[in-house]
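Here are two short exercises to work through with the structure beside you. Take your time and follow each solution step by step.

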Amino acid sequence: EIHIKEPIEKEVNPRLLPGELLLCEANTVYKYIQEDGSNRGTCGKLVCTNFKIAFLDDDSAPDDNEPQFKNKIVGENDITLQCVDQIYGVYDEKKKLLTGQLRKYPEKLIIYCKDLRVFNFCLRYTKEEEVKRIVSGIVHHSQTPKLLKRLFLFSYASAAPNNTDGRNQTVMFDTLEDWRDELERTKGNVKYKAVTTNEGYRVSEKLPLYFVVPICVSEESILKYEGRGIPIWCWSCHNGAALLKMSAFPKEQDDSTSQTQKAFLDGIYKTISKPPYELLKMDDLSSSLPSLQDIQTAYTRFKQLFLIDNSTDFWSTDVKWFSLLESTNWLEIIRRVLKKATEVAECLERQHTNVLLIEESATDLCCVISSLVQVMMDSHSRTKSGFQSLIQKEWVVGGHSFLDRCNHLHKSDKEEAPVFLLLLNCVWQLVQQYPPAFEFTETYLTVLSDSLYVPIFSTFFFNSQHQKDTHTSGESLKTQSGPFRFLTVWDWSVQFDPKAQAFLNNPLYAEKPKPDKSQRKTARFKHQRQLSLPLAPTKSSTKRGFFREETDHLIKNILGKRIGKFINSSDEPPNSFREFYDSWHSKPVDYHGLLLPRFDGPEVKVWAQRYLRWIPEAQLQGGGTIATAAKILDLMEEVQSLQVKMDEEHSQAVSGDVHSVPMMRNSARLSSLFPFALLQRQSVKPVLPTSTWKDLEDEDDLVRRDDEFVDLSSDMS
């Protein structure tokens, strides 16, 4: 049985952006609301453009009850073509992955998105011709390899009026002045210099136009091996020690070449190891951190836990939540990266030693570690503009291959790896451990991760500054005169109005250092999806058998491998590093000084807002950090209006809106997943008992407890 709204009478047309073209459409499509196991849905039109897949129903027309946090570019029923992860067709109740040419067309379409949304469309009542057009259109435009120039980025840049202020105090690092200012800010200009050797990309197309090297490094050295083997400056610590990175020479070489390169490297090391430079410690990240392949495998497993079609799937996997989470290895990778960054910070801060990060291209794990170290050690990188400038410096201009790593062109799965997402996950750990130290919120990080898949910004759609410059000067579309003017993602006004942007700023940001270590406690869900793995086995009665045969494996893994690895893997005597770590954690936190993440056992958590935001069962009504934020924003609004009354007795009430603080009067009705998912649209309770729960009848009390937990209907009147 399908419960549906009446089919829409009036014609609903998609809202198209400049340069956006409608490619195909299908009417009488039903979008299932997979909230409680029933086949309830909404009737509407499914369209595919050169920018997105969109579902239009009669609710698509604007109304007064629009969400406060609305994206102006991508609506809640829009999926950009780059955001499509996988598409499945359902044939006679069997799911089949759709790629390439189709011989038979499905009666149901399931689209899994990279931002972890899941869309279910029923095509049973759609005309056969329209089904063929829309399914083959969606599969072709979102899954087949394409040319860079075919990205919507270029269509938009050539058609949109570019009148936005793109910089927004973010340093773009595309001029020599930007690099010199950064050297001056970090007081690194005594020992390091910004060079113009790569102007015209005569050294390397992978390196930026301008970068910084030790003063003693000559231009000949830089030119010799296309910039390989040259220590490139990332950041200088207050004590003069610096963080450097270097792209290594290929490992498979003949002996004479290897000897020449080794002699070259020895010369470089000798030069930068003597005064005025500090001692040098080298760290080859390819041997001390997981490979990109491992990171991709772990994330692929991890995201499957959250791509959930319905309530039944949620509750059936809930019983084995800890072992499923453990087996992905994603949290372990985050832990290892946090630990590595802490080791580097200890060398710079306590040992006054320069650290040289080495990687084959120095544009993947080098970017993660150098960015993380700067966020931990430099309070400027914890402001919004400072963090954005850091991403520009280390990632965008630094040559991270966003196009390949995000597989935007569907050219090669082998190159794909969520390296930037790994950084955001690590930064989130710090944000949730030390909220007052950051000017931005976790919502900011979530929105930034979503922006990876919005191809109207050039920020995340090129492999290097050279590739961008080559395509900007564009022999492009015939209508195009002059160079493209791409938008940068840092202009948040393109996606959000001022009220929505208020959610990106932390109202509790500590403007001045405050030695206050009181930390907010993390909310605990009643279902088993606790957001971190336990350090010791959970004590539950044997009859419930949460872990069953997995318990022993978990204890061995967590207590043995993890803690053992933590204590012993440092190159130094383990006690020295542990002493530094414990000593720092025993003192009050200076929110404008060094921050060290906690990464023992359950301290590393799942980024709940990003991964659970579309799952109704994981909501806490009136709970989570948003409830606190809502109260604070209410209070700020009240203070502002009182201030206005005091300052200007006769002014209009409107002027109290200057700072665009959102109105969130009834925070008790918000869910913990606000502002991304609104409570009233969500699940009331799971359909019980399912076949899975029948197998677990001895866990009846658990079923009852969890059933009560998700029953939000009493407050939704």
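**Exercise 1.** Find how strand β5 is joined to β6, then place both in their sheet.

*Solution.* Step 1: β5 (residues 84-91) and β6 run antiparallel and are joined by 4 bridges. Strands here are DSSP runs of E with at least two residues, numbered from the N terminus, while helices are runs of H or I with at least four. Two strands pair if DSSP finds at least two bridges between them.

Step 2: look across to β6, where lysine 94 stands opposite tyrosine 91.

Step 3: read the whole open sheet of 8 strands, which pair antiparallel in the order β4-β3-β2-β1-β8-β7-β5-β6. Because β4 (78-80) and β6 (94-97) are at the edges with a single partner strand each, one side of each has no neighbour in the sheet.

A note on the model: it is predicted, so local features need pLDDT of at least 70 and side-chain atom pairs 80 or more, whereas totals for chains, interfaces and linings use all residues. Residues are numbered from 1 along each chain as its sequence is written, and side-chain values use heavy atoms, leaving out hydrogens and water.

**Exercise 2.** Which element gives the largest share of the lining of the largest cavity, and how do the lining residues divide by type?

*Solution.* Step 1: a cavity is a set of points on a 1 Å grid over the protein atoms alone where a 1.4 Å probe fits but cannot get out; lining residues have an atom within 4 Å of a point.

Step 2: α7 gives the largest share, 4 residues.

Step 3: the lining divides into 10 nonpolar, 3 polar and 5 charged residues. Nonpolar means Ala, Val, Leu, Ile, Met, Phe, Trp, Tyr, Cys and Pro; charged means Asp, Glu, Lys and Arg; the others, Gly among them, are polar.
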